[in-house]
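Here are some notes for a colleague who is opening this structure for the first time. They are set out as numbered points, to be read alongside the model.

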Amino acid sequence: MNGTEAITSREEFQALVERHARPLFRLAYRITGSDTDAEDLVQETFLKAWRQIAKFDGRASFGTWLHRICANCSLDLLRSRRRRQDADSGGDEDEPMINRLPATSPSPERLALSDEITRTLEPALAELTEMERTAFVLRHYDGMAIEEIAVTLGVQTGAAKHSVFRAVQKLRRALEPVARTNV
Amino acid sequence: MNHLSEEDLILLYYYGESDAPEGASEHLRTCTECNQANAALHASMEMFDTLPVPEPRPSFEAEMWARVAPAAVAPRRRSRWAWLPAFAITAALIAAVILVRPPSQPVAAAPLTDEARQRILTMTLADHLDRTQMLLTEFENTADNPTDLEPLQARAQDLVDESRLMRQWLEKGTQPNTLAVVDEADRILTEAANAGGHPEDLRMLRERIGADSLLFKVRVVEANLR
Ligand SMILES: [Zn+2]
């Protein structure tokens, strides 16, 4: 009886993986800007969720819970990558992500995106710090409330708000040349 | 009211009126200049809505499950099924998988595949080691008070019996080093189950558990199984 129950819950988990893999991929991609990273992060998110399933209290939906784990994993990845690079090169905490992105060759999916919008917006996003980018993605694309972003990223509400605000300011500055030509 | 700052506009855009300064929306409705600034903000931020995200290949979900499934063998059962005696669970599992399956007899229900059997047994062993580890830790932390000892000894005996039930499978399909750790744990558990209530016995038992970093080895083997 117990074996069946275990396998049933495993099948439930499989259904959850299948349902949430794609939305989580989008979130991780938006935070990291890399599809290979995003795939690894989706896997990490599910493994973490499985290990911590007892901690899921049902107050948020399962999808929201997964998104929180995924955002955290993504932020952790960017930070640890920066720490490694800082250790190698004596880098600067406030250095934008653009100088820290891995120099990987673009995958086929990635090449298909190289249109003008991408060429303009991605460098703008890469100007943000990891925290600013993660907070911005959660606010802009996931529609998370500021308190929820703060809880998700383990910071004070004021810090989360400030990160979103700084992100928007920086993005607007980066887009100014484009915005002018479009007027 | 003065014109709205960029911060006010961003607050209005992302958080609505409740976070923006009082009168901000009202001002926005009547001030052409702020209205233009607001429109410009919306236009730039809406550009980000069009930023494409690569669509993973159609097999993405299946591939992701294949990457996650090997680790998803042992549901967190301790909390959910705490009301079931652990020994009964394991005994039933082992019986279902190993014992009640004479090769010559037709099986009414769909038989478990070898892979499923292996998974259940691995899960069972991991769970067994998890409980062994907890029990050994409790033994390590007992005060020299024999009244604490009896329930712990009963659990030790359960684990020894359980391991005996698993023997057949363990000897066939288990890594030698895993088997060595199970054997070592069994010896200590047998000692623990039969220890007298004398403080000196308990002290010696704790020392035996501490020696050879048995707890550490059990944890490593268990982690590798999960
Ligand atoms: Zn105004």
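1. A crossing of two helices is called right-handed if the near helix is turned clockwise from the far one by less than a right angle, and left-handed if it is turned anticlockwise. Please bear in mind throughout that this is a predicted model.

2. In chain B, helix α1 (residues 6-15) and helix α3 (residues 32-47) pack with their axes 10 Å apart and at an angle of about 55°, which means that α1(B) is oblique to α3(B). In the sense just defined, the crossing of α1(B) with α3(B) is right-handed.

3. On the α1(B) side this contact is formed by B:Leu9, B:Ile10, B:Tyr13 and B:Tyr14, while α3(B) contributes several residues, among them B:Cys34, B:Ala37, B:Leu41 and B:Met45. Sorted by class, the contact of α1(B) with α3(B) has eight nonpolar, two polar and one charged residue.

4. B:Cys34 deserves a second look, as this residue of the helix contact is also one of the protein donors of the zinc ion, the others being B:His3 (ND1), B:His27 (NE2) and B:Cys31 (SG), at 2.0 to 2.3 Å from the ion. The four donor atoms make angles of 100 to 121°, and the site is tetrahedral; along the sequence the donor residues follow the spacing H-x23-H-x3-C-x2-C.

5. A further pair in chain B consists of helix α9 (residues 176-194) and helix α11 (residues 214-225), whose axes come within 10 Å and cross at roughly 135°, so that α9(B) is oblique to α11(B). The crossing of α9(B) and α11(B) is left-handed, and the residues in contact include B:Val181 and B:Ile188 of α9(B) and B:Leu214 and B:Val218 of α11(B).

Terms used
Residues are numbered from 1 along each chain as its sequence is written. Chains are lettered from A and ligands numbered from 1 in the order in which they are written. This is a predicted model: local features need pLDDT of at least 70, side-chain atom pairs count only at pLDDT 80 or more; totals for chains, interfaces and linings use all residues. Side-chain values use heavy atoms; hydrogens and water are left out. Axes are lines fitted to C-alpha atoms, for helices over the stretch in contact, and angles run from 0 to 180 degrees between N-to-C directions. Helices (H or I, at least four residues) and strands (E, at least two) are DSSP runs, numbered from the N terminus. Angles under 35 degrees count as roughly parallel, over 145 as roughly antiparallel, 65 to 115 as roughly perpendicular and the rest as oblique. Contact means heavy atoms within 4.5 Å. Donors are N, O and S atoms within 2.8 Å of the metal (3.2 Å for Na, K and Ca); water is not among the atoms, so sites may look incomplete. Four donors count as tetrahedral if all angles lie between 85 and 135 degrees; four count as square planar and six as octahedral if opposite donors are over 155 degrees apart and all others between 65 and 115; anything else is irregular. Ala, Val, Leu, Ile, Met, Phe, Trp, Tyr, Cys and Pro count as nonpolar, Asp, Glu, Lys and Arg as charged, and the others, Gly among them, as polar.
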